[in-house]
Amino acid sequence: MSKEKFITLKTQAVPLPIDNIDTDQIIPARFLKATTREGFGENLFRDWRYNSDNTPKADFALNNPTYSGKILVAGKNFGCGSSREHAAWAIYDGGFRVVISSFFADIFKNNALNNALLPVQVSDAFLKKIFAAVEKNPKTEITVDLAQQKVILEDGSSEAFDINPYKKTCLMNGYDDIDYLLSLRDEIKHFELAH
Amino acid sequence: MTRQRKTLFDKIWDAHVVKSSEGHPDAVYIDRHFIHEVTSPQAFDGLRKRNVKVFNPSRTTATADHNVPTIDQHLPIKEALSRHQVETLRKNCKDFGVELYDLGHPYQGIVHIIGPELGLTLPGMTIVCGDSHTSTHGAFGNIAFGIGTSEVEQVLATQCVLQYRPKTMLIDISGTLSKGVVAKDIILYIISKLSASGATGYFVEYAGDAIRNLSMEARMTICNMSIEMGARGGLIAPDETTFNYIKGRKFAPQGDTFDRMVEQWRQLKSDPDAEYDEVVRFDAGDIAPMITYGTNPGMGMKVTDRIPTLNELKDITEQPSFSKSLEYMGLQPGAAILGQAVDYVFIGSCTNARIEDLRLVASMVKGKKKASNVEVWVVPGSKQVEKQAREEGLDKIFEAAGFQLRQPGCSACLGMNEDKIPAGKYCISTSNRNFEGRQGPKSRTFLASPLSAAAAAITGKVTDVRELV
Ligand code: SF4
């Protein structure tokens, strides 16, 4: 099944300068009861976003009309905790296409890449710079260029990021892993018989 | 990359690579796949959309655990969405020919508890599940790790996952454990030293005589929490303890086949001088009963220590997150935690809900009563654990102490069913995560060993178990 293609993106960003944002914050367990992939965006960062009476918390970045855009910028060790792919679905469904952080948890990174959500790992220093730029001007636009593997700020400064070449091809073409694995079915059958 | 002197991890990985081609991650064959109701429905949907069957249904086993009630399991699930999720699992297993240990089945339980106890988890295997604590199974000397739902679909469709080979880390614990220190303290200690992200990108091998001397159940507790320092998984080379545990289990090889397998399993160890990407050593004698004070499992300390102050943090950039975490917990920097009153005690989860854990708790509370300010839930990890606990009379001890013995499931470990810790309340928990809201919105969690939890149940506050044992 093909996914949305990702080539390049230029938008505003939403800042969450908090370290160790775990998957239970991204999407609390009690909202994991759905049996489809859609609709999780509604509960993205549920307990940070809403008071217990379901009124939005005005001081949370996602509720602040000053911030918008398809890029989420977060502190280090983003996505630690559970393997729930719902976290990636919720961020995507919440309108984001990129998460920028200085460090990602492994399973989250895989899950994001499998769902056309691009995790971009930058240096601590560059992350600081992004937070500062967004704080100074919330309307500032950030460019994430996957082809060139670069994050570019409005003042022209930029940093390169790593991405695995295979995953890059998948994202740029909207392929997913299963297509590749299904093409290996005969080899897998042989392996299984010999194993 | 093939190495000269291989680690156990390398040997098992290499034996399972179906295809390794330039520019692609390895296609790794999976021997055992576990599924549960929360992370599998979207994967089965994917199979239907692609019109693909399950590649080898005999290698997948299902159970219902995350989102099930822990009382009155014989009645239909009350909550509509939860009921629908469990019913969807039933339908998917039936449609695709997958074995399901459903609610009420004698083998039902938390997925990482039933695999080992049924002999489905064996040395040398590759094992995955749409659940990060799949690392538990590594205690048997296999490669076991959690995957996302897209990968669950990959395994169902092809019995393989696409993975990059992680780096390897050796964690060696040598020496003798002090009185009152159990497996949970060892792993909380390691995570407090390495931090919640310190092993990200690595697969850990635990070794050293302190690990060798542990029972299988204790080894599972250690491997279980590997993910809490970011590791993909953790494993321990199999030995006689492992083989004795497996022998005679329901789906384990039997008779001559078992003996032949044991001969093969004996080869499963890292070469002398195998090269690891990272080696960390700790002295078992330095480990004390541990407790966490913050909102990630790396924020732990000896129960007699005090919480660090802002100035004591290694990295100044951590201050805002640290303050936010303590504020959530309602605790002060620099404060002691010993004597802190607790409201709930949760004894359960795939970390500490096996029979040895329940025995440990019972040994501490036998003939005693819980403090009046606490509510205590004991949630066995599986139907088999529950049955054995009753056969051994542990249920009577818990009842006399005023504890509630519930039915198997994940329960308050993740608060997905109705077992939630109320807002603002403190819970000392034998589970593995103290994240904000993990046990219920605004709940506050102290992670600790079953012994420490039992001690707190009796005194009503955070207690140094060494005063009681
Ligand atoms: S007991 Fe907790 S950690 Fe273990 S599988 Fe269940 S929810 Fe996950």
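In which hand does H6(B) pass H8(B)? The crossing is right-handed, meaning that the near helix is turned clockwise from the far one by less than a right angle, whereas anticlockwise would make it left-handed.

Before going on, some housekeeping: this is a predicted model, where local features need pLDDT of at least 70, side-chain atom pairs count only at pLDDT 80 or more, and totals for chains, interfaces and linings use all residues. Residues are numbered from 1 along each chain as its sequence is written, chains are lettered from A and ligands numbered from 1 in the order in which they are written, and side-chain values use heavy atoms, with hydrogens and water left out.

**Helix pairs in chain B**

Helices (H or I, at least four residues) and strands (E, at least two) are DSSP runs, numbered from the N terminus. Axes are lines fitted to C-alpha atoms, for helices over the stretch in contact, and angles run from 0 to 180 degrees between N-to-C directions. Here are three of the pairs.

| Helix pair | Axes come within | Crossing angle |
|---|---|---|
| H6(B) (residues 183–194) and H8(B) (residues 216–224) | 8 Å | roughly 20° |
| H12(B) (residues 355–365) and H15(B) (residues 450–459) | 9 Å | roughly 35° |
| H12(B) and H14(B) (residues 394–401) | 10 Å | roughly 45° |

Let's take H6(B) and H8(B) to begin with. They cross at roughly 20°, and so count as roughly parallel to each other. The cut-offs for that wording: angles under 35 degrees are roughly parallel, over 145 roughly antiparallel, 65 to 115 roughly perpendicular and the rest oblique. On the H6(B) side the contact (heavy atoms within 4.5 Å) is made by Ala183(B), Lys184(B), Ile186(B) and Ile187(B), and on the H8(B) side by Ala218(B), Thr221(B) and Ile222(B). Sorted by class, that gives five nonpolar, one polar and one charged residues. In this scheme Ala, Val, Leu, Ile, Met, Phe, Trp, Tyr, Cys and Pro count as nonpolar, Asp, Glu, Lys and Arg as charged, and the others, Gly among them, as polar.

Helix H12(B) turns up in two pairs. With H15(B) the crossing is right-handed. Asp357(B), Leu360(B), Val361(B), Met364(B) and Val365(B) of H12(B) make the contact together with Pro450(B), Leu451(B), Ala454(B), Ala455(B) and Ile458(B) of H15(B). The split there is nine nonpolar, no polar and one charged.

With H14(B), H12(B) makes a left-handed crossing, and these two helices are oblique to each other. From H12(B), Ile355(B), Leu358(B), Arg359(B), Val361(B), Ala362(B) and Val365(B) meet Leu394(B), Ile397(B), Phe398(B) and Ala401(B) of H14(B). By class, this contact has nine nonpolar, no polar and one charged residues.

**Cysteines**

How many disulfides does a search of the whole structure find? Zero, over all chains, with a disulfide taken as a pair of cysteine sulfur atoms within 2.5 Å. Take Cys427(B): the nearest cysteine sulfur belongs to Cys413(B), 10 Å away. Cys427(B) has 0% relative accessibility, so it counts as buried (under 20% relative accessible area is buried, over 50% exposed and in between partly exposed, with a 1.4 Å probe and protein chains only).

Cys410(B) is buried too, at 7%. Cys410(B) lies in the loop between strand E17 (404–405) and strand E18 (426–429) of chain B. Not counting residues up to four places away in sequence, Cys410(B) touches Asp65(B), His66(B), Ile110(B) and Phe346(B).

**Positive phi, two ways**

Asn77(A) isn't a glycine, yet it has a positive phi of about 60°. Its home is the loop between strand E3 (71–74) and helix H3 (86–93) of chain A, and at 2% relative accessible area Asn77(A) is buried. Asp273(B), also not a glycine, has a positive phi of about 65° and sits in the loop between helix H10 (255–265) and strand E12 (278–283) of chain B. Is Asp273(B) buried or exposed? Exposed, at 64% relative accessibility.

**Two more residues**

His137(B) is in the loop between strand E6 (126–129) and strand E7 (143–146) of chain B, and counts as buried at 0% relative accessibility. The C-alpha atoms of His137(B) and Gly234(B) are 8.6 Å apart, with their positions 97 residues apart along the chain. Beyond four places in sequence, the contacts of His137(B) include Phe34(B), His112(B) and Asn142(B).

Val17(B) belongs to strand E1 (residues 17–19) of chain B. Leaving aside neighbours within four places in sequence, Val17(B) is in contact with Phe191(A), Asp26(B) and Ala27(B).
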